[in-house]
Amino acid sequence: DSTHHSLALPASATSGRILVHHCDKLTAICELRAHRSPLALVAFSSDSTLLASASERGTIIRVHHLPQSAAVFMFRRGTLPTTIHSLCFSPPCVDPPLLSASSSTGAVHLFSLDPNHFISAVHLFSL
């Protein structure tokens with residue numbers, strides 16, 4: 001699969017565009033227009049078919065399907081800007097699949113990657 005050896009990089013210092021490259025073939029896979037604000041963080045799923053991203057603003061987390069670059073999920077983390085410290089996909093054995101995001105507010109948010117299951121944000125700890 002062409003996405004198993006991929007690298008995601010900011011395409012711009014001023015917008016949230018992402019370039020995804022195939023590391024073995026040294027070719028571009030796609031370019032994503034993920035956010036209006038500069039990119040802060042990206043994470044691949046274990047099979048590299050999903051790419052999650054957050055901007056420096058930290059209010060929206062988007063998930064794209066690769067290599068088609070289709071936006072498949074958009075999650076609102078909150079309305080106030082914050083720093084997203086980590087994005088992590090659950091292991092393939094977890095059903096429904098989840099995406100977690102930790103932020104400078106001290107919250108860990110869990111989002112379902114199954115459109116038939118809704119999981120609200122969970123506040124696991126405070127700093």
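# Why these labels fit

User: Why is Pro97 called partly exposed?

Analyst: In this predicted model, Pro97 has a relative accessible area of 32%. Buried means under 20% and exposed means over 50%, so 32% falls in between and Pro97 gets the middle label.

User: Where does Pro97 sit, and what does Pro97 touch?

Analyst: Pro97 is in the loop between strand 8 and strand 9 (98-103). Leaving aside residues up to four places away in sequence, Pro97 touches Ser90, Phe111, Ser112, Leu113 and Asp114. Take Asp114: 17 residues separate Pro97 and Asp114 in sequence, with their C-alpha atoms 6.5 Å apart in space.

User: What makes Phe75 and Phe111 a stacked pair?

Analyst: Start with how many such pairs there are: the structure has two aromatic pairs. For Phe75 and Phe111, the ring centres are 4.6 Å apart and the planes make an angle of 20°. Rings pair when their centres lie within 6.5 Å, and planes under 30 degrees apart count as stacked, so Phe75 and Phe111 pass on both counts. The pair also ties distant parts of the chain together, with Phe75 in strand 7 and Phe111 in strand 10 (residues 108-112), 36 residues apart. Both Phe75 and Phe111 are buried.

User: And how do you know that Phe73 and Phe75 are stacked?

Analyst: Same kind of check. The centres of Phe73 and Phe75 are 5.6 Å apart, and their planes differ by 10°. Those numbers fall within 6.5 Å and under 30 degrees, so the pair counts as stacked. Phe73 and Phe75 are both buried.

User: Which residues do the ring pairs link into a cluster?

Analyst: Phe73, Phe75 and Phe111.

User: Why is the contact between Arg17 and Glu31 called a salt bridge?

Analyst: The closest N and O atoms of Arg17 and Glu31 are 2.6 Å apart. A salt bridge needs a side-chain nitrogen of Lys or Arg within 4 Å of a carboxyl oxygen of Asp or Glu, so this pair qualifies. The count by this rule is one salt bridge. Arg17 is in strand 2 (residues 16-22) and Glu31 is in strand 3 (residues 27-35), 14 residues apart, so the pair is classed as linking distant parts of the chain.

User: What makes Arg17 and Glu31 partly exposed?

Analyst: Arg17 has 24% relative accessibility and Glu31 has 38%. Buried is under 20% and exposed is over 50%, so both values land in between.

User: How do you know that Arg77 has no salt bridge?

Analyst: Look at the distance. The nearest side chain of opposite charge, Glu56, is 14 Å away from Arg77. A salt bridge has to be within 4 Å, so Arg77 has none, even though Arg77 is buried.

User: What does the side chain of Arg77 have at 2.7 Å, then?

Analyst: The backbone oxygen of Gly58 is 2.7 Å from a polar atom of the Arg77 side chain. Arg77 itself is in the loop between strand 7 (70-76) and strand 8 (84-89). Not counting residues up to four places away in sequence, Arg77 touches Gly58, Thr59, Ile61, Thr82, Ile84, Ser103, His109 and Phe111.

User: Why is Leu26 called exposed, while Ser69 is called partly exposed?

Analyst: Leu26 is at 73% relative accessibility, which is over 50%, so Leu26 counts as exposed. Ser69 is at 27%, between 20% and 50%, so Ser69 counts as partly exposed.

User: What makes the phi values of Leu26 and Ser69 worth a look?

Analyst: Most residues other than glycine have a negative phi. Leu26, in the loop between strand 2 and strand 3, has a positive phi near 55°. Ser69, in the loop between strand 6 and strand 7, has a positive phi of about 65°.

User: Which peptide bonds are cis?

Analyst: Most peptide bonds are trans. Among the cis ones here are Leu66 to Pro67, with omega near 5°, and Asp95 to Pro96, with omega about 5°. Pro67 is in the loop between strand 6 (60-65) and strand 7, and Pro96 is in the loop between strand 8 and strand 9.

User: How many helices and strands does the protein chain have?

Analyst: Zero helices and 10 strands. Of its 127 residues, 44% count as buried. The accessible surface of the chain is about 7000 Å², with 57% belonging to carbon and sulfur atoms.

How values were computed
Residues are numbered from 1 along each chain as its sequence is written. This is a predicted model: local features need pLDDT of at least 70, side-chain atom pairs count only at pLDDT 80 or more; totals for chains, interfaces and linings use all residues. Side-chain values use heavy atoms; hydrogens and water are left out. Helices (H or I, at least four residues) and strands (E, at least two) are DSSP runs, numbered from the N terminus. Buried means under 20% relative accessible area, exposed over 50%, partly exposed in between (1.4 Å probe, protein chains only). Lys and Arg count as positive and Asp and Glu as negative; His and the chain ends are not counted. A polar contact is a pair of N or O atoms within 3.5 Å; within protein, one must be able to donate a hydrogen and the other to accept it, and residues adjacent in sequence count only if both atoms are side-chain atoms. Contact means heavy atoms within 4.5 Å. Accessible areas come from the Shrake-Rupley method with a 1.4 Å probe; for residues, only the protein chains shown count as cover. Rings of Phe, Tyr and Trp (its six-membered ring) pair if their centres lie within 6.5 Å; planes under 30 degrees apart count as stacked, over 60 as edge-to-face and the rest as tilted.
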